[in-house]
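The following exercises practise the reading of a protein model. Each task is followed by a solution that proceeds step by step.

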Amino acid sequence: MTTPLPGPLIVQSDLVVLLETAADGAEEARAQLARFAELEKAPEHVHTYRITPLSLWNAAVTGLTAEDVCDVLRSSAKYPPADAVFHEISELMGRYGRLRLVRDHDTVGLALVADRPSLLEEVARSPKIQPLLGERLDGNRVAVRLGDRGPVKQSLLALGWPVADEAGFDTGEELDDVEILSELRSYQADALASWWLDGHDGGGNGVVTLPCGAGKTLVGLAAIATTQMRTLVVCTSVSSVRQWMRECLLHTSLTEDDVGEWSSHRKQIRPITFVTYNMLTWADPAFDDDDDFLDRYPNLRLFDDQEWGLIVYDEVHLLPAPVFRVTSRIQAVRRLGLTATLVREDGKEGDVFSLIGPKRFDAPWTELEALGWIAPAVCTEVRIDLSEVNRMTYAIADQRAKHRLAATAEEKLPVVSELLERHQGEQVLIIGQFVDQLKEIAEMLDAPLVTGRTGQKRRDECFDALREGELPVLVVSKIANFSIDLPEVGVAIQVSGQFGSRQEEAQRLGRVLRPKSDGSVAHFYSLVSRDTEESRFARNRQRFLAEQGYRYEIVDAA
Amino acid sequence: MQIYDQLPPDVSRYLRAVPLAAFEAFGLGQTPSPSVSESIDAARALAAADNDARAHLAFETLGFTASVLLWIATNHAGALSAEALAFETAAADADDVHEAIERLVDARLAQRTRSGGLQLLVDPDLGASAHTLADGILTGKELTAICQNLGVTPDANRAAERIRAISETFGDQKAGARILGRLSGMARQIFDAIADAVGLGELAAGTFGLSFHDLSWLEPVADRANQAHVYVAPEHSKVAFGALAELVDHGLVGSDSFGNVWIWREAWQLADRPLFDDWMSVPRPEIVACAAAGSASLSPTAHGAGGGAGGDGDEALLVEQARRALRLVVRFEELLRYWGANPTKALKTRERRFPKPSVKATAKAFQLSDSEVELFVGLAMSMRFLLENDIAQGAKSRRGPVDLRWMIDPDVMDSWLEQPPMTKWSALLAYHTKAGSDWRIEATRFLMLWHLSTLAPGGGVADETGYLAWLGIRYSPLVTAEAAAEVLHDLRALEVVTRSGPVGLTALGRLALTDFEGLERIEVASSDQAIVQADLTVVTPPDLDPRLLARLAGVAKLESDAGALIFRLDESAIAESIHAGETVDTITAFLETLSSVPIEAAVSRFVSDAASAAEKLSIIDAPSVLVGADPAELAAAASLKPAKLTIVAPTVAISPLSPEKLRSVLAKKGLAPALVRDGESAPEPRRSSEQAKELEAQAEEYEKLSKRWHDRPAFKRQAERLLADAERARNPGRRWTTYQRFGLPAPPLPGEVIDLNAGPATVDTGQRS
């Protein structure tokens, strides 16, 4: 038998690194690994990290060398890593810095600078890069338009050449001594530090991933206080906007005059302005896709019209396509993406990284749970048998109809009642996909219902009531998937979901993960019709959480 | 296997010069392999044989330089003087030429003359050689005319004498110069143009603006008037015609009625240029140290003598490589199970390969490359795991449409599964080395392994591309760089050759080729624990016991094999296991025992769900299905024992009897059900025992062919091969043991090593006469 070394890391030849959490030195190894590898998943016993070209190049930005990386791997490995691993790491990290993006004062734009003319020649020949390059300035430099800063970096990254962006940021309008009034938790401080990098040009951009309820908002506010610049915060909904504004006033020295809401209800441009993705990407019906982009999406001018020094993207995984396009033109502004679930079913996480910046910080959910920063949660899948009649109806139904039939099975209703009885005295959130079903449930329970059609005022009243403990049960549609802070809600019952969306599952669990004042455990129930498409989707939905270390109990409905 | 120690040195040298003779003598393409003594006898016989077959065996791998030398010598009437040799090879690499001549001599195709020239011992019959005056194209009259035009008087009035005289004249320097001096400038130009363009080959006269009509006038007899009624005389303004006529009249150039012209071989001497000037030379492969090839102390003799494989480093290296090799076996078995469950349609052309879409589908399912899948398919076919099965549709007539599919032979699979792990891997290697539908690839494989085995342990060829090019030159015409690349890819996938870095035999590969028994002694001690996680992944250490690995592969799909192995429990794999006889309890128990941490509920529930889904529907293979509207009637029919009916639903029963037979049985009891034919019956996988008869019939055909063609060895060998295959087909359990001794012989000259310290490759051949 190969005698293993004492380290906790298994370094694979494909640059995946497995961390055995129970092994000696795991904590220290994790801290080291996080500097140059991305956390992919963190189930209980073995966490998976991946060393990617991007993660290595970002490590290089922080001053880490190939030798440093290799030393960590060698000293913490359980089995001797293949030589090819070290070779590849050296090769990849060696590429960083060979191409730089700098300000060119002559052209008042940017210049791509290569350490050798042959390298510039090589990349300039790429069909994807060529259109983004301007005139040749000299043997080693070629002009780049300001607006192409992002696309150039993105395209060169795809080509395998990282660009050291030394062009700096536009400073934006400065704020007057904004302070953060609340103390940051250790992981929040770490997240901020990982993003800011002490003001280095390589920092100030990127994505911070923290579980729901872990206080991403505070990290965003701390970023504002750190940069001390005019900031635009993009949120998922008006409710979320108002929640941010409340948090802003609560945790910082900013006043009501400093914060503004830019929505269909109000148009306030203030030093800290909050806007929704929908508002930003509202399409003027007078124009179509062939017309000028900013005529079609006039609100996107908000990005250019003000001297923003920082843009914060809440739930950045939802970044819609038009924002991608214009965001790439404002690469000169510092930007922070916040999310709990950087998982997109369309696989475009890479686009988010490319345009907002790399993932700077990630913390395993179970770790924060163990430290008490998020509530411990018990996840339960309740399997429900369809009646014979409904089974037959389902069996012969059209493929498209099958999911709906399974998800809205009437057999789920008594289960909801039973769960409520079990959790009497606790606050319960019931979430679903199909409004008809939710209506039926709301009527059955005599509980209020909030859907996309519910007016903003009514929504705010319901959420406030739930927060204040005045409402025992609230039935909501997917509009409550994100960003709604409900600290004392300890039970969530998911009656139906959007196909196999892992992100939705995790976000919904996140509604109950804020630590409870009495330290109680949160409960998340997912009702699934047995032997249907829904049970297949459920397995996929649960995958993300399982990879975060959450266990699902599976019970049969009585 | 120091078989060469038992051969006389000249026979050893012969085998080195003609490596395919070693292939033949040691039966590396045959099954069963001959014994050592039989091999030695065969080698001696081949070396001593004096026939075309022996020569042709040598031609296959003479190498580029030697092949060209042979051709040149042929066009010098089989003999090259020292001066001619030097002249002809002036543009070639001197070392290449020297080595080529050595090879020709060792292969007994040529001998050195006392004066330093080269004399061929065979008539290579290379085809497409130069035209000579003795070809019979020219008539006696024409030869006489040429002699007259040259001012040559032959000793006798015979064609052979005339030709000899003409040839001697051309060979005489003064006479030759005189002849050339007499030619017009245009004639000289045309002569030079033909020599430069095609040497001794044929050139279309259209190059000079002449047609084949014109050439019909090119006869050295002054009888052109006879042609007038057939062809129009060429315009005398066609200057080229006149010049060409000069050359023809003087016996320098020949022509035919197809419009081709050429320089006569005898006249080439006047061309004053080498016959060939496009010599190719590729640098010898540079040999460097190669970690994966083990250390220099890893010698087959030491290991074979039970002395252990070199140092501890070698032992660890062998174990690591063995582990990888065993994972290969696991992967192969996964694929066999997959193909068993998903029989692949055979090509209409009956080629022994999968259709491309099937290859791609398998590659995608298993995250392999297409070429890796093709390698495994080839192995599965040559090892007769996969047999073609005819599935007749409609069974209406023999000429009805046939659906041909590759299906797994269950007997072969069963016997395979009983084999020890390293035996399985070596069997993969053996079949890969031995069998193959393409002789060229098979020979290339042998030659590459043979060459690599000449490198000292611990050595490898530095540059892969250069090595492949060199192989293509050295073993030309049989081996091409492209074929070598294909072979190298496969050998790497099989862990015989290093996967990356310098190209060399892995320590394990060397052991397999030179000391098979040593393989069995490798102790791949292993772990027996893995981590089964709630997200359905199973993380196993790289040294997990292969048997556990194989069992895990039966219920999970391999997601990553880059060190530790990462599997993910898979529904369809679990379903297959259930169908194969496993239960939820056995699978769960296996996972619980395997896992070093408690199994989560999600895992056991997943297994339970997958098993449940597997059990919900089943396909029953039944030749006959009896359907009745009234359950009572059906029950009555089922009570008839001869009918062998089993009720599967209230109104449905099945029987193993054929429809006709069942009907007949029921009819005897007064029942007359309608016989409804529809659809195709499920195919029964073919078994090797059925195939044995076919193989014997094929062997008989080849025996007949052999007798008809004067005992031609190739037919005889094929017959023997087929009989051996038939024998193994009848006894699948014995098949794996017949390949114990497939090993590659060590290099022919004892003591021949590639010295790592001598810079670019040198060959210290030690003994040489």
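**Exercise 1. Confidence**

Which elements of chain A have the lowest and the highest mean pLDDT?

*Solution.* The model is a predicted one, and the mean pLDDT of chain A as a whole is 86. In this chain, 94% of the residues reach 70 or more. Turning to single elements, the lowest mean, 62, belongs to helix 13 (residues 321-327) of chain A. The highest, 95, belongs to helix 18 (residues 412-422) of chain A.

**Exercise 2. A pair of helices**

Describe how helix 3 and helix 4 of chain A pack, and classify the residues that make the contact.

*Solution.* Two packed helices are described by the angle between their axes and the distance between the axes.

Step 1. Helix 3 (residues 66-76) and helix 4 (residues 83-95) of chain A meet at an angle of about 155°, and their axes are 9 Å apart. Because angles over 145 degrees count as roughly antiparallel, helix 3 of chain A is roughly antiparallel to helix 4 of chain A.

Step 2. The crossing of these two helices of chain A is right-handed.

Step 3. Helix 3 of chain A contributes A:Ala66, A:Val69, A:Cys70 and A:Leu73 to the contact. From helix 4 of chain A come A:Val85, A:Phe86, A:Ile89, A:Ser90, A:Met93 and A:Gly94. Sorted by class, the contact has eight nonpolar residues, two polar residues and no charged ones.

**Exercise 3. A parallel sheet**

What is the strand order of the open sheet of seven strands in chain A, and which strands lie at its edges?

*Solution.* Strands of a sheet pair through backbone hydrogen bonds, either parallel or antiparallel.

Step 1. The order in chain A is 19-20-18-21-22-17-23, and the pairing is parallel.

Step 2. Strand 19 (449-450) and strand 23 (552-556) of chain A are the edge strands, each pairing on one side only.

Step 3. Within chain A, strand 17 (residues 377-384) and strand 22 (residues 522-529) run parallel and are joined by eight bridges. Opposite A:Cys379 stands A:Phe524 of strand 22 of chain A.

**Exercise 4. Antiparallel strands in chain B**

How many bridges join strand 5 of chain B to strand 6 of chain B?

*Solution.* Step 1. Strand 5 (residues 253-255) of chain B runs antiparallel to strand 6 of chain B, with three bridges between them. B:Val253 has B:Ile263 as its bridge partner.

Step 2. These two strands of chain B form a hairpin with four residues between them. In the turn, B:Gly259 has a positive phi of about 90°.

Step 3. Strand 6 (residues 260-263) of chain B also pairs with strand 4 (residues 203-204) of chain B, in the antiparallel sense over two bridges. There, B:Ala204 stands opposite B:Asn260.

**Exercise 5. A sheet with a helix**

Which strands of the three-stranded sheet of chain B does helix 29 of chain B touch?

*Solution.* Step 1. The open sheet has the order 16-18-17 (chain B), with antiparallel pairing. Its twist averages 30° from one strand to the next.

Step 2. Strand 16 of chain B pairs with strand 18 (residues 652-655) of chain B over four bridges, and B:Leu626 has B:Ala653 as a bridge partner.

Step 3. Helix 29 (residues 631-638) of chain B packs on this sheet and touches strand 16, strand 17 and strand 18 of chain B. The helix direction makes about 155° with that of strand 17 of chain B.

**Exercise 6. Between the chains**

How many residues of chain B are in contact with chain A?

*Solution.* In chain B, 20 residues are in contact with 23 residues of chain A. Helix 28 (residues 601-616) of chain B supplies the largest share of the chain B side, three residues. By class, that side has 10 nonpolar, six polar and four charged residues.

How values were computed
Residues are numbered from 1 along each chain as its sequence is written. Chains are lettered from A and ligands numbered from 1 in the order in which they are written. This is a predicted model: local features need pLDDT of at least 70, side-chain atom pairs count only at pLDDT 80 or more; totals for chains, interfaces and linings use all residues. Axes are lines fitted to C-alpha atoms, for helices over the stretch in contact, and angles run from 0 to 180 degrees between N-to-C directions. Angles under 35 degrees count as roughly parallel, over 145 as roughly antiparallel, 65 to 115 as roughly perpendicular and the rest as oblique. A crossing is left-handed if the near helix is turned anticlockwise from the far one by less than a right angle, and right-handed if clockwise. Two residues are in contact if their C-beta atoms, placed from the backbone, lie within 7 Å. Ala, Val, Leu, Ile, Met, Phe, Trp, Tyr, Cys and Pro count as nonpolar, Asp, Glu, Lys and Arg as charged, and the others, Gly among them, as polar. pLDDT is the predictor's confidence in each residue, from 0 to 100. Two strands pair if DSSP finds at least two bridges between them.
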